[in-house]
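Thanks for coming. I have one structure to go through today, so please have a look at it first.

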Amino acid sequence: MKIEAGQVAVITGGASGIGLGLAERLARAGVRLVLADIEEGALNAAVSRLSGTGAEAIGVVTDVSRSEDFERLRDRALAAFGRVDIVVNNAGVVSAYGPLWEATLDDWRWVTNVNLWGVINGIRAFVPLLVAQGSGHVVNTASMAGLAVIPYNGVYNATKHAVVSITETLRGELDDCGTGVGATVVCPGIVPTKIHEAARNRPGGATEHEATNAKQMPKPASNAPSAALSVENVAEQIVAAIERNHLYLATNPGSFTVVEHRIARILEETAAPLR
Ligand SMILES: NC(=O)c1ccc[n+]([C@@H]2O[C@H](COP(=O)([O-])OP(=O)(O)OC[C@H]3O[C@@H](n4cnc5c(N)ncnc54)[C@H](O)[C@@H]3O)[C@@H](O)[C@H]2O)c1
């Protein structure tokens with residue numbers, strides 16, 4: 001779908017990082033914006049900043065884990081702008097690094113509620129609208145952790161694999177039904193944002209482990225972190241992926257080796273019994 005002035009984009013997690021970078025990029029193209037975020041202060045600041053540049057933008061305080069918040073978000077977007085063209089299910093969080101057997105039930109609930117249910121709720125609230133109008137594009141933000149594995153980050157990995165799978169399925173169905181609606185799954189590598197301070201929005205606040213673990217990056221291993229990319233670079237790539245209707249967008253080229261290793265191992269170990 002060609003990005004054009006006057007279109008309307010809804011972006012969850014739009015008050016910070018990749019979501020805000022994409023909002024700024026779309027605003028420069030004349031797209032009208034509905035930013036949704038749980039962090040009210042940051043959301044208001046983001047909307048004022050965008051409005052200050054002449055963009056048309058509103059903010060709607062939204063907890064993506066709540067389906068009723070998404071229904072309100074859709075209604076507010078339609079009330080403000082009368083249509084929705086692009087839906088970006090981008091809000092995401094990560095809990096403290098550690099072996100899977102030490103992840104608490106609360107870690108699972110929080111990360112799954114935001115990363116997985118946030119995408120499910122976004123699809124349920126907005127895709128019927130896009131299908132009915134016969135146009136639009138859905139962007140779901142997964143991660144390279146959805147195509148391979150970040151060691152000691154199993155809860156996050158699981159949710160991001162699910163986001164990849166959901167988007168693959170959604171895209172197949174949208175195409176198969178001839179809806180005219182596109183879908184892209186974005187798989188960033190490392191992008192400097194506030195993701196490692198995600199516990200700032202955790203219900204009940206950061207755990208003790210998170211307070212000490214917050215800035216810890218993935219443990220060095222064969223899949224060591226690749227070079228970081230700016231949010232501006234990632235935003236530019238997302239716009240290109242929407243316009244070309246690409247299903248997959250892996251933004252950081254240096255991180256592809258982890259996917260290659262995974263696929264090579266699957267093929268090798270699958271073929272082994274036949275030899
Ligand atoms: N930064 C990276 O290196 C990286 C890499 C791969 C994937 N990602 C993904 O990119 C997406 C954006 O993250 P980011 O890096 O910009 O981080 P960020 O923390 O800067 O932005 C995330 C935004 O989501 C919001 N949010 C958190 N919980 C929410 C909730 N329950 N409801 C609504 N909003 C909520 C936060 O307030 C914040 O504004 C996430 O899905 C993340 O998993 C990031």
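Which residues point one way from strand 1, and which the other way? Val8, Val10 and Thr12 point one way, while Ala9 and Ile11 point the other way. Both sets are buried. Before going further, I should say that this is a predicted model.

So strand 1 is where I will start. Of its 5 residues, 5 are buried, so the strand is largely enclosed by the rest of the structure. Strand 1 covers residues 8-12, and 3 bridges join it to strand 4, residues 86-89, with the two running parallel. Towards strand 2 there are 5 bridges, again in the parallel sense. If you want one residue to click on, take Ile11. The bridge partner of Ile11 in strand 4 is Val88, and in strand 2 the partner is Leu35.

Now the sheet as a whole. It is an open sheet of 7 strands, the pairing is parallel, and the order is 3-2-1-4-5-6-7. Which strands are the edge strands? They are strand 3, residues 57-61, and strand 7, residues 248-250, and each of these pairs on one side only. On average, neighbouring strands in this sheet are turned by 15° against each other, if direction is ignored. One helix to point out here is helix 2, residues 40-52, which packs on the sheet and touches strand 2 (32-37) and strand 3. The direction of helix 2 makes about 175° with that of strand 3.

Next, a helix pair. Two packed helices are described by the angle between their axes and the distance between the axes. For helix 3, residues 67-81, and helix 4, residues 105-133, the angle is about 35° and the axes are 9 Å apart. Their crossing is right-handed. On the helix 3 side, the contact is made by Ser67, Phe70, Leu73, Arg74 and Leu78. Helix 4 contributes Gly118, Asn121, Gly122, Ala125, Phe126 and Leu129. Sorted by class, that contact has 6 nonpolar, 4 polar and 1 charged residues.

Two of those names come up again. How many aromatic pairs does a search of the whole structure find? The search finds 1. It is formed by Phe70 and Phe126, and the arrangement is edge-to-face. A pair of aromatic rings is described by the distance of the centres and the angle of the planes. Here the figures are 6.3 Å centre to centre and 80° between the planes. Phe70 lies in helix 3 and Phe126 in helix 4, so the pair ties together parts that are 56 residues apart in sequence. Are these two rings' residues buried or exposed? Phe70 is buried, at a relative accessible area of 1%. Phe126 also counts as buried, at 1% relative accessibility.

On to the loops, starting with the one between strand 6, residues 181-187, and helix 6, residues 208-213. Ala198 has its place in that loop. Why does Ala198 count as buried? Its relative accessible area is 4%, and buried means under 20%. Leaving aside residues up to four places away in sequence, Ala198 touches Val93, Val94 and Trp110. Ala198 and Val94 are 104 residues apart along the chain, yet their C-alpha atoms are separated by 6.1 Å.

Ile195 is also placed in the loop between strand 6 and helix 6. Ile195 is partly exposed, with a relative accessible area of 25%. With the sequence neighbours up to four places away left out, it touches Gly92, Val93 and Val94. The C-alpha atoms of Ile195 and Ser95 are separated by 9.8 Å, and these residues are 100 apart along the chain.

Last, two backbone angles. Most residues other than glycine have a negative phi. Tyr152 has a positive value, with phi near 65°. Where is Tyr152? It lies in the loop between strand 5 (136-141) and helix 5 (154-176). Tyr152 is partly exposed, at a relative accessible area of 42%. Asn245 also has a positive phi, near 55°. Asn245 lies in the loop between helix 7 (231-244) and strand 7, and strand 7 is one of the edge strands. At 26% relative accessibility, Asn245 counts as partly exposed.

That is the tour. I will take questions now.

Definitions and conventions:
Residues are numbered from 1 along each chain as its sequence is written. This is a predicted model: local features need pLDDT of at least 70, side-chain atom pairs count only at pLDDT 80 or more; totals for chains, interfaces and linings use all residues. Side-chain values use heavy atoms; hydrogens and water are left out. Two strands pair if DSSP finds at least two bridges between them. Helices (H or I, at least four residues) and strands (E, at least two) are DSSP runs, numbered from the N terminus. Axes are lines fitted to C-alpha atoms, for helices over the stretch in contact, and angles run from 0 to 180 degrees between N-to-C directions. Contact means heavy atoms within 4.5 Å. A crossing is left-handed if the near helix is turned anticlockwise from the far one by less than a right angle, and right-handed if clockwise. Ala, Val, Leu, Ile, Met, Phe, Trp, Tyr, Cys and Pro count as nonpolar, Asp, Glu, Lys and Arg as charged, and the others, Gly among them, as polar. Rings of Phe, Tyr and Trp (its six-membered ring) pair if their centres lie within 6.5 Å; planes under 30 degrees apart count as stacked, over 60 as edge-to-face and the rest as tilted. Buried means under 20% relative accessible area, exposed over 50%, partly exposed in between (1.4 Å probe, protein chains only).
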